[in-house]
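Biologist: Thanks for sitting down with me. Could you walk me through the empty spaces and the ligand site of this protein?

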Amino acid sequence: MGQLRVGIYPGTFDPITNGHVDIIGRATRLVDRLVIAVAANPDKGPMFNLQERVEMIQEQVALMRNGDGSHIEVRPFDKLLMHFVQDLGATLILRGLRAVSDFEYEFQMAGMNTRLDPNVETIFLMASERQQFIASRFVKEVARLGGDISHFVPPEVAQRTARKLAQQDRRFA
Ligand code: ADP
C-alpha cells in the first residue's frame with residue numbers, strides 16, 4: 001500500500017468564505033488527509049481572533065462531513081509554513097488562485113517554499129466561477145458598510161460577522 005497523501009491548505013481565513021469552502025471540497029478529492037492550516041497572522045490585524053477563525057472552519061467542515069469530508073482537520077499554526085508542513089509529514093500545499101492579481105504573490109511564495117523543501121509541491125486550484133471573485137477582505141468591507149454578505153459566506157459566518165460588528169459598534173459608542 002502506498003503512503004497516505006497529506007495536503008495542507010494554509011490561509012488566514014478571516015473569515016472563511018464560500019470561495020474557501022469550494023477549494024476545500026476540491027482539495028479533499030486530491031488527498032487522503034487534508035489539514036486546513038489557519039495562520040495566526042497577527043500583523044494582518046484580523047477581524048476574528050485565531051480561535052474564532054478555527055471554529056468557523058470547523059463548523060463548515062462538520063457540515064461537509066455529511067458528504068466525504070471525514071478526513072479533514074483544522075489546525076492553527078504560528079510558525080514557518082514549511083516547518084508546519086514537515087511536522088505533519090505533508091507533501092502537498094494547496095492554494096487557491098482567483099485573479100491574475102493573486103498570481104505574482106503565489107508564484108513567489110511557491111518558489112521560495114520549493115527552495116526550502118523541494119519535496120513539497122504546491123498545487124493551485126480554482127474555485128467555481130460563482131465563487132472566484134470572493135475575498136475575505138471585501139466581505140469584511142461590505143459587512144462593515146452594512147451590505148448583505150449572505151451570497152459570499154456560509155450563513156453561520158454571516159451571523160458571526162453581524163455579531164462581531166455589533167460588539168465593535170457598542171465598544172465605540
Ligand atoms: P492568505 O492570507 O494566505 O492569502 P486567505 O484566507 O486570504 O489567506 O486565502 C487562503 C487561500 O485561499 C489563498 O490561496 C487564496 O488565494 C485562496 N482563496 C481565497 N478566496 C478564494 C476564492 N474565492 N477562490 C479561490 N481561492 C481563494
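Biologist: Let's begin on the inside. How do the residues of the lining of the largest cavity divide into nonpolar, polar and charged?

Modeller: Happy to help, and please keep in mind that this is a predicted model. The cavity is lined by L81, I93, R95, E106, M109, A110, N113, T122 and F124. Sorting these residues by type gives five nonpolar, two polar and two charged.

Biologist: Which element provides the largest share of that cavity lining?

Modeller: Three elements each supply at least two residues here: β4, α4 and β5, the last spanning 121-125. With four residues, the largest share comes from α4.

Biologist: What volume does the largest cavity have?

Modeller: Counting cavities of 30 Å³ or more gives one. The volume of the largest cavity is about 30 Å³.

Biologist: Now for the open spaces. How much space lies in the largest pocket?

Modeller: Its lining is made of 48 residues, and T12, K44, R95, R98 and Y105 are the ones nearest the centre. By type, the lining holds 24 nonpolar, 13 polar and 11 charged residues. The space in this pocket comes to about 1,300 Å³.

Biologist: Which element gives the most to the lining of that pocket?

Modeller: The elements with at least two residues each in this lining are β1 (6-11), α1 (18-28), β4 (92-96), α4 (100-116) and α5 (136-144). The one that gives the most, with eight residues, is α4.

Biologist: Where does the ligand sit?

Modeller: Around the ligand there are 19 residues, with Y9, T12, K44, G96 and Q131 coming nearest. T12 and K44 are also among the residues nearest the centre of the largest pocket. The ligand itself sits in the largest pocket.

Biologist: Which elements give two or more residues to the shell around the ligand?

Modeller: By residue type, the shell divides into seven nonpolar, seven polar and five charged. Its contributors of two or more residues are β1, α1, β4 and α4.

Biologist: How far is a side-chain N or O atom of T12 from an oxygen atom of the ligand?

Modeller: Let's take the polar contacts in turn. The side chain of Y9 has an N or O atom 2.7 Å from a ligand oxygen, and G96 places a backbone N or O atom 2.7 Å from an oxygen of the ligand. For the side chain of T12, the distance is 2.5 Å.

Biologist: With those contacts in place, what percentage of the ligand's accessible area does the protein cover?

Modeller: On its own, the ligand has 550 Å² of accessible area. The share of this area covered by the protein is 91%.

Biologist: One last topic, the backbone. Which residues does a cis peptide bond join?

Modeller: Most peptide bonds are trans, so a cis one deserves a look. The loop between β1 and α1 contains P15. The cis bond, with omega of about 0°, joins D14 and P15.

Biologist: And what is the phi of F13?

Modeller: F13 is placed in the loop between β1 and α1. Most residues other than glycine have a negative phi. F13 is not a glycine, yet its phi is positive, at about 50°.

Definitions and conventions:
Residues are numbered from 1 along each chain as its sequence is written. This is a predicted model: local features need pLDDT of at least 70, side-chain atom pairs count only at pLDDT 80 or more; totals for chains, interfaces and linings use all residues. Side-chain values use heavy atoms; hydrogens and water are left out. On a 1 Å grid over the protein atoms alone, a cavity is a set of points where a 1.4 Å probe fits but cannot get out, and a pocket is an open set with protein on both sides within 12 Å along at least five of seven lines; lining residues have an atom within 4 Å of a point. Grid points are joined across faces, edges and corners, and a volume is the space filled by probe spheres set on the points. Ala, Val, Leu, Ile, Met, Phe, Trp, Tyr, Cys and Pro count as nonpolar, Asp, Glu, Lys and Arg as charged, and the others, Gly among them, as polar. A residue is near a molecule or strand if one of its heavy atoms lies within 4 Å of it. A polar contact is a pair of N or O atoms within 3.5 Å; within protein, one must be able to donate a hydrogen and the other to accept it, and residues adjacent in sequence count only if both atoms are side-chain atoms. Accessible areas come from the Shrake-Rupley method with a 1.4 Å probe; for residues, only the protein chains shown count as cover. A molecule sits in a cavity or pocket if more than half of its atoms lie within 2 Å of its grid points.
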